[in-house]
Amino acid sequence: MGRAKLIASVASESKAMSRRPWVVFFGAVALSWILLSGLHAEAAQRIFRLGLLIPESGPGESQTIKGLKDRLKELGYTEGENLVVELRDLKGDRSALRAEAKELVSKKLDVIFTTGTRATEAAKEATKVIPIVFRHPADPVALGFMKNIKRPDGNITGVAAFSSEMNQKRLEILKVIVSNLRRVHVFYDSNNKYSPDNLLAVQKAAPKLQVEVADHPVKTSDELKNSLDKLRARDGDAIFQIADDLVESQASFLFDTAKKLRLATIFDDESWTTKGSLATYGPNYTQMGRQAADMIDKLLKGAKPKDVPVQSANKFDFVINLRTANAIGLNLPAETLNRADRVIR
C-alpha cells in the first residue's frame with residue numbers, strides 16, 4: 001500500500017472512531033425516550049376497576065349512579081377504555097348483600113362504591129384493604145364505620161347526609177307547610193337498630209316547635225298496615241317519616257291511608273313526592289354521586305381513605321306535591337310554594 005493510501009485509511013478509521021461514541025450516545029437517548037414513552041403510555045392506559053354495590057335500582061340509587069358516572073367521565077374516566085365498572089344490583093334482596101360483596105372483592109377492584117348503610121356494612125365485612133366510598137343518609141360515626149370523619153381510621157370514607165340533623169330540618173319545614181301542626185306520627189321498624197337515633201332527633205326538635213311526637217314501633221308489614229288502619233287522626237296531625245326499609249316498602253299503603261284521613265306526610269327523598277307524599281326534604285342524590293366521584297378519583301390516584309375526609313351532602317331539595325295538597329284539602333299559600341325547589345302540579 002502506498003504512503004498516500006495508508007494515510008487516507010488511517011484518517012478514515014480515525015473519523016469513524018470519533019463518530020462512534022456519538023452514535024452510541026444518541027442511540028441510547030433514543031432508546032431511553034422510546035422506553036420512557038412506553039411507560040407513560042402504559043400508565044396513561046391503566047384500566048381502573050370500580051365496584052358498585054347497591055340494594056336496588058330505586059330513584060335514589062339511579063340518581064346517585066348517574067351523578068357518579070357523569071362526574072367520573074368529566075374527570076377522564078371512560079367505561080370501556082380506562083374504567084371497568086362491576087355493578088351488583090340486589091333488586092331489593094338485602095339478604096344477598098354479603099355474598100355479593102365477597103364476590104366483588106374477588107374481582108381485585110381498586111375501589112368499591114356503596115349506597116345505603118347495609119351495603120356499606122357488607123362491603124366493610126368483605127374487605128379491610130380495598131377502599132370503600134359510601135353514599136348514605138346517616139352519621140358514619142354513629143353507625144360505627146369510623147371514629148373521626150375528618151380522618152377516617154379504616155378503609156372507608158364517603159358522602160353522608162347526617163339524617164339526624166336532616167330530620168330536625170324536615171320537622172321545621174313540615175311546621176311551615178302545616179301551620180296548625182300539633183302532632184306527628186312516626187312509624188318505624190323496632191328491629192331497625194338505626195331508628196332510635198332518628199326518632200330521638202325528632203323528639204328533641206319537637207318541643208321547640210310545640211309539636212307532640214307519637215311513635216308507632218312495628219315489626220312486620222302486616223303490623224304496620226294494622227297500625228295505620230287503627231290510626232285515629234285529629235286536626236293538626238301529620239305523618240313524619242324517618243329512614244326505614246320496612247315503612248318505605250309499604251309507602252303506597254301509607255300514602256293512601258293518609259289521603260283518606262286527610263293527613264299531611266313528609267318524607268326524605270324527592271321520589272316519594274312523585275308517589276304521593278305531600279312533601280319531601282332531603283339530599284340531592286345526583287350531587288352526592290358527583291361528590292363521591294371526586295373522592296374516588298383521589299383514591300384511584302393513590303390517596304388513602306384516611307386522607308380523604310367524609311363529606312357532607314352539599315345540596316338539599318324541598319319538593320311539594322300540590323295534587324296531594326288538594327286531595328287532603330290543604331291550601332298552601334304562594335309564599336310556601338315559592339320556597340320549594342320543585343312543585344308537582
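**Loops, strands and cores in a predicted model**

Reader: Where does Asn82 lie, and is Asn82 buried or exposed?

Author: In this predicted model, Asn82 sits in the loop between helix H2 (59-74) and strand E2 (83-89). Its relative accessible area is 13%, and buried means under 20%. Asn82, in the loop between H2 and E2, is therefore buried.

Reader: Which backbone atoms does the side chain of Asn82 reach, and at what distances?

Author: Leaving out residues up to four places away in sequence, Asn82 touches Arg46, Ile47, Phe48, Gly76 and Tyr77. For Gly76, the side chain of Asn82 reaches the backbone oxygen at 2.9 Å. A polar atom of that side chain also lies 2.7 Å from the backbone nitrogen of Thr78.

Reader: Which elements do the buried residues of helix H4 pack against?

Author: Helix H4 covers residues 117-126, and its buried residues are Thr117, Ala119, Thr120, Glu121, Ala122 and Ala123. The elements against which the buried residues of H4 pack are strand E1 (48-54), helix H3 (97-105), strand E3 (111-115), strand E4 (132-136) and strand E5 (156-160).

Reader: How many residues of E5 are buried, and which residues stand opposite Val159 in the paired strands?

Author: In E5, five of its five residues are buried, with Ile156, Gly158 and Ala160 pointing one way and Thr157 and Val159 the other way. E5 runs parallel to E4, to which five bridges join it, and E5 also pairs in the parallel sense with strand E11 (residues 311-312) over two bridges. Opposite Val159 stands Arg135 on the E4 side, while the bridge partner of Val159 in E11 is Gln311.

Reader: What span does helix H11 reach, and which residue follows H11 with a positive phi?

Author: At the start of H11, a side-chain oxygen of Asn284 reaches to within 3.2 Å of the backbone nitrogen of Thr286. The 16 residues of H11 (residues 285-300) reach 22 Å from the first C-alpha to the last, close to the 22 Å expected at 1.5 Å a residue. The residue with a positive phi, near 115°, that follows H11 is Gly302.

Reader: Which residues other than glycine have a positive phi near or about 60°, and are they buried or exposed?

Author: Most residues other than glycine have a negative phi. Gln210, in the loop between helix H6 (195-205) and strand E7 (212-218), has a positive phi near 60°, and Arg262, in the loop between helix H9 (251-260) and strand E9 (264-267), has a positive phi of about 60°. Exposed means over 50% relative accessible area, so Gln210 at 67% counts as exposed, and Arg262 at 51% is likewise exposed.

Reader: How many residues does the largest nonpolar core have, and which element gives the most to this core?

Author: The largest nonpolar core has 32 residues, and those with the most contacts inside it are Leu174, Ile177, Val184, Val186, Phe240 and Phe318. Several elements each supply at least two residues of this core, including helix H5 (163-177), strand E6 (183-189) and strand E12 (316-321). With five residues, the element that gives the most to this core is H5.

Reader: Which residues does a second, separate core include?

Author: A second, separate core of 24 residues includes Leu50, Phe113, Ala293 and Ala313.  Among these, Ala293 is one of the buried residues of H11. The residues named for this second core are thus Leu50, Phe113, Ala293 and Ala313.

Technical notes: Residues are numbered from 1 along each chain as its sequence is written. This is a predicted model: local features need pLDDT of at least 70, side-chain atom pairs count only at pLDDT 80 or more; totals for chains, interfaces and linings use all residues. Side-chain values use heavy atoms; hydrogens and water are left out. Helices (H or I, at least four residues) and strands (E, at least two) are DSSP runs, numbered from the N terminus. Buried means under 20% relative accessible area, exposed over 50%, partly exposed in between (1.4 Å probe, protein chains only). A polar contact is a pair of N or O atoms within 3.5 Å; within protein, one must be able to donate a hydrogen and the other to accept it, and residues adjacent in sequence count only if both atoms are side-chain atoms. Contact means heavy atoms within 4.5 Å. Two strands pair if DSSP finds at least two bridges between them. The expected span of a helix is 1.5 Å times one less than its number of residues. A nonpolar core is a set of buried Ala, Val, Leu, Ile, Met, Phe, Trp, Tyr and Cys residues joined through side-chain atoms within 4.5 Å.
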